[in-house]
Amino acid sequence: MTREAEAAPMGAEPELQGDVVLLTGMSGGGKSVAMHALEDAGYFCVDNLPAELLLDFLQLEQQRGERRVAIAVDVRSAGSLPLMLPLLKDLRARGVSVRSVFLDASDEALMRRFSETRRPHPLRGDRAQDGSEDSHRLLLDAIQLERELLGGLKAESTVIDTSQLRPAQLRAWLGDLVGPNAGSKLTLVFESFAFKHGVPSDADFVFDVRVLPNPYYDRELRPLTGRDAPVAAYLAAQPEVGLMMGQIAGFLSRWLPNFAADQRSYLTVAIGCTGGQHRSVYLVEMLARQFSHHGHVLKRHRELDAR
């Protein structure tokens, strides 16, 4: 028996400390890319650890010293998924910093990825995709079942929609979420996007700014972006832009304290225009600057970052 065990009262739970990232999400959502990014960031990564072993693993890691740990959990361990949410609650109650990140993607994106790689979905019994109508239907059924099984974890996690992200974008966005500046306070994310490419599924609020004057119709401004000074000057001179931005900022200022009090770890505000190049980018830049006092504020430009 160790000295630590002798010192602990009978029946007392061992103390736990540390920094843990729980990585979960849809099969085909990008967990392999994310795990490699976490390894590069200095995390000790374990893939597909059953929930029943989580506490023992963390206690062992604590004995080995100060190491940041990332654990990937998905439907390959479907039988132990119901245990994960109570475990997360217990870990946080015992002082462990646990950040849960859920990698999601649209059904269409997941179907395309499985078709391109010809890898089987973990909830399907066949070993390959033959391209038939029945095969596509069975794959879609497996994806929908997976969403049901992971619904509880998704509700407790920071969600990243990888439908249109390149691997480099996913690595960068994940680094922002789990980096040294990401603390226990609510993280405010401003994201620009193009409606023609779809609304981000991880957005908590979506604001449509397509009604604002469009710099695209100015030949000199068309090749620029909302981060460039000429476009910013053009939009700043439009009364409608200032009014829209003020109303969005007023809404967020009013309700951010309530979200923080509700122990939300993140809030994603998506702002969309037609092409995701001018108006939405400008508003994201300005709002992120305006709310910089909030603490942990992130900017994302989905279409620009993909270039």
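**Helix contacts and ring pairs, talked through**

Colleague: Which residues of H3 meet which residues of H4?

Modeller: Keep in mind that this is a predicted model. On the H4 side, the contact takes in Met84, Leu87, Asp90 and Leu91. Facing them from H3 are Leu54, Leu55 and Leu58.

Colleague: And how do the residues of that contact divide into nonpolar, polar and charged?

Modeller: Leucines turn up on both helices, and Asp90 is also in the contact. Asp counts as charged, while Leu and Met count as nonpolar. That gives six nonpolar, no polar and one charged.

Colleague: At what angle do the axes of H3 and H4 cross?

Modeller: Packed helices get described by the distance between their axes and the angle between them. Here H3 covers residues 54-64 and H4 covers 81-93. Their axes come within 11 Å, and the crossing is roughly 35 degrees.

Colleague: Going to the loop between strand S2 and H3, which residue there has a positive phi?

Modeller: Most residues other than glycine have a negative phi. The residue you're after has phi near 60 degrees and isn't a glycine. Its relative accessible area is 23%, so it counts as partly exposed. It's Asn48.

Colleague: Let's do rings. What kind of aromatic pair do Phe190 and Phe291 form?

Modeller: There are seven aromatic pairs in the structure. In this one, the centres are 5.9 Å apart and the planes are 45 degrees apart. Stacked needs under 30 degrees and edge-to-face over 60, and this pair is tilted.

Colleague: How many residues apart are Phe190 and Phe291 along the chain?

Modeller: Phe190 is in strand S6, and Phe291 is in the loop between helix H10 and strand S9. Both Phe190 and Phe291 are buried. The pair links distant parts of the chain, with a spacing of 101 residues.

Colleague: Why is the pair of Phe205 and Phe251 called edge-to-face?

Modeller: Phe205 belongs to strand S7 and Phe251 to helix H9, 46 residues apart. Their ring centres are 5.1 Å apart. The cut-off for edge-to-face is over 60 degrees, and the pair qualifies because its planes are at 80 degrees.

Colleague: Which residues make up the cluster linked by ring pairs?

Modeller: Phe251, the partly exposed one at 31% relative accessible area, is a member. So is its partner Phe205. The full cluster is Phe205, Phe207, Phe251 and Phe259.

Colleague: Last one: which ring does the charged end of Arg222 sit over?

Modeller: Don't mix it up with Arg210, which lies over the face of Phe195 at 3.8 Å from the ring centre. For Arg222, the distance to the ring centre is 4.4 Å. The ring belongs to Tyr216.

Technical notes:
Residues are numbered from 1 along each chain as its sequence is written. This is a predicted model: local features need pLDDT of at least 70, side-chain atom pairs count only at pLDDT 80 or more; totals for chains, interfaces and linings use all residues. Side-chain values use heavy atoms; hydrogens and water are left out. Axes are lines fitted to C-alpha atoms, for helices over the stretch in contact, and angles run from 0 to 180 degrees between N-to-C directions. Helices (H or I, at least four residues) and strands (E, at least two) are DSSP runs, numbered from the N terminus. Contact means heavy atoms within 4.5 Å. Buried means under 20% relative accessible area, exposed over 50%, partly exposed in between (1.4 Å probe, protein chains only). Rings of Phe, Tyr and Trp (its six-membered ring) pair if their centres lie within 6.5 Å; planes under 30 degrees apart count as stacked, over 60 as edge-to-face and the rest as tilted. A charge sits over a ring if NZ of Lys or CZ of Arg is within 6 Å of the ring centre and within 35 degrees of the ring normal.
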